[in-house]
Every structure is written in C-alpha cells, then in structure tokens.
Amino acid sequence: MEGDRVLHKRKLKELVRNIGSDEGDGNTAIDENVEELLLDLCDEFVTNVTSFSCRLAKHRKVEKMNLKDVQLHLERNWNIRVPGYSSDEIKNVQKNFHPAQSYNSKINDVENSKKRK
C-alpha cells in the first residue's frame, strides 16, 4: 500500500518533525492511526483535485489539464491560493446574500410577533 500513496510515511514523519521543530518541539510524534488517516486524506485530496481539474479541462473541450484548471478548483472549492501563481483571470466569486425588502419585512414581523408573546 505504501507504493500507491501520494505521501509516504517517511515524508509525513519528516513533515511532522519539521513543523514540530518550527513550533519549538522537535520531538513531536503522531499516533499510527492518525498517520494512516493523514495519508488517506492526502490521497483523497489529490484524487479529488485531479479528478475535478480533469473535468474542468474536459468542459473546456481540451485534452490537456492546465494550471488554471487546478487553480480554479483549489480557489473556488477549497479556498486555497497557491503562492507564486497569480489568478488574475480567475475571479474569486463571493456569494453574498442580499435579501429582498419583502423578506426583511417578513423577518421583522416574525421577530415582533415573538416579542409580543
């Protein structure tokens, strides 16, 4: 199973050790179950990003996935921005909820009726 992983146990342990030393604790260790969970999550994440990026490329009717496909998926679905790769062409779409005036008045009516009781 180790050969099929995106991140190997040795690299994960090295990463934990480096993060631990950055935080002032060079002896940080992780439980074996946590190690397996992190490795599984890493595999699932890479599979998810790759799969969705491929679908984006297919949607654009091209046979080659490019950086924009990966960036778009990471930014829109995971809120991850990769340093060093600007996304000038990829606009971050924020969905702000702006209720209609009729909705606001209904909410106010409900709140006022609760206060009267």
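Q: Starting with Lys9, what is its relative accessibility?
A: In this predicted model, Lys9 has a relative accessibility of 26% and therefore counts as partly exposed.

Q: And which residue does Lys9 form a salt bridge with at 3.2 Å?
A: That partner is Glu36, and the 3.2 Å is the separation of the closest N and O atoms. Because Glu36 lies in helix α2 and Lys9 in helix α1, the pair ties together parts that are 27 residues apart in sequence.

Q: What other salt bridge does the side chain of Lys9 make?
A: The Lys9 side chain also meets that of Glu35, with an N to O distance of 3.8 Å. This pair again links distant parts of the chain, with Glu35 in helix α2 and Lys9 in helix α1, 26 residues apart.

Q: Glu35 and Glu36 are neighbours, so let me take them in turn: is Glu35 buried or exposed?
A: Glu35 is buried, its relative accessible area being 5%. Glu36, by contrast, counts as partly exposed, at 26% relative accessibility.

Q: Where does Arg5 come into this, and what does its side chain meet?
A: The side chain of Arg5 meets that of Glu36 in a salt bridge, at 2.8 Å from N to O. Since Glu36 lies in helix α2 (residues 32-59) and Arg5 in the segment before α1 (9-22), the pair ties together parts that are 31 residues apart in sequence. As for its surroundings, Arg5 is buried, with a relative accessible area of 7%.

Q: Which residues are linked in the network of salt bridges?
A: The network links Arg5, Lys9, Lys13, Glu35, Glu36, Asp40 and Asp43. A search of the whole structure finds 7 salt bridges.

Q: Changing topic, what is the overall fold pattern?
A: Read along the sequence, the pattern is α-α-α-α, and the protein has 4 helices and 0 strands.

Q: How much of the chain is buried, in residue terms?
A: Buried residues account for 15% of the 117 residues. The protein exposes about 9800 Å², of which carbon and sulfur atoms supply 53%. On the contact side, among contacts between residues at least 6 apart in sequence, 36% join residues at least 24 apart.

Q: Let's look at α3, then: what do its buried residues pack against?
A: They pack against α2, and the residues of α3 that are buried are Asp69, Gln71, His73, Leu74 and Glu75.

Q: What span should α3 have, and what do its end C-alpha atoms give?
A: At 1.5 Å a residue, the 12 residues of α3 should span 16 Å, and the end C-alpha atoms are indeed 16 Å apart, so the two values agree.

Q: What happens at the start of α3, and which residue follows the helix?
A: At the start, a side-chain oxygen of Asn66 reaches to within 3.0 Å of the backbone nitrogen of Lys68. After the helix comes Asn79, whose phi is positive, near 55°.

Q: Last topic, the surface: which residues form the nonpolar patch?
A: The patch is formed by Leu67, Trp78, Ile80, Val82 and Tyr85, which together have about 440 Å² of accessible area.

Q: Where is Tyr85 placed?
A: Tyr85 sits in the loop between α3 (67-78) and α4 (101-116). With a relative accessible area of 44%, Tyr85 is partly exposed, because exposed would require over 50% and buried under 20%.

Conventions:
Residues numbered from 1 in each chain as written. Predicted model: local features only at pLDDT ≥ 70, side-chain atom pairs only at ≥ 80, totals over all residues. Heavy atoms only, no water. Patch = residues over 30% accessible without salt bridge, like charges linked within 9 Å, V, L, I, M, F, W, Y side chains within 5 Å. Areas by Shrake-Rupley, 256 points an atom, 1.4 Å probe, with all protein chains shown as cover. Salt bridge = Lys/Arg side-chain N within 4 Å of Asp/Glu carboxyl O. Helix = DSSP H or I, 4+ residues; strand = E, 2+ residues; numbered from the N terminus. Buried < 20%, exposed > 50% of the residue type's maximum accessible area, 1.4 Å probe, protein only. Expected span 1.5 Å × (residues − 1). Contact = heavy atoms within 4.5 Å. Polar contact = N/O pair within 3.5 Å; in protein donor to acceptor, adjacent residues only side chain to side chain.
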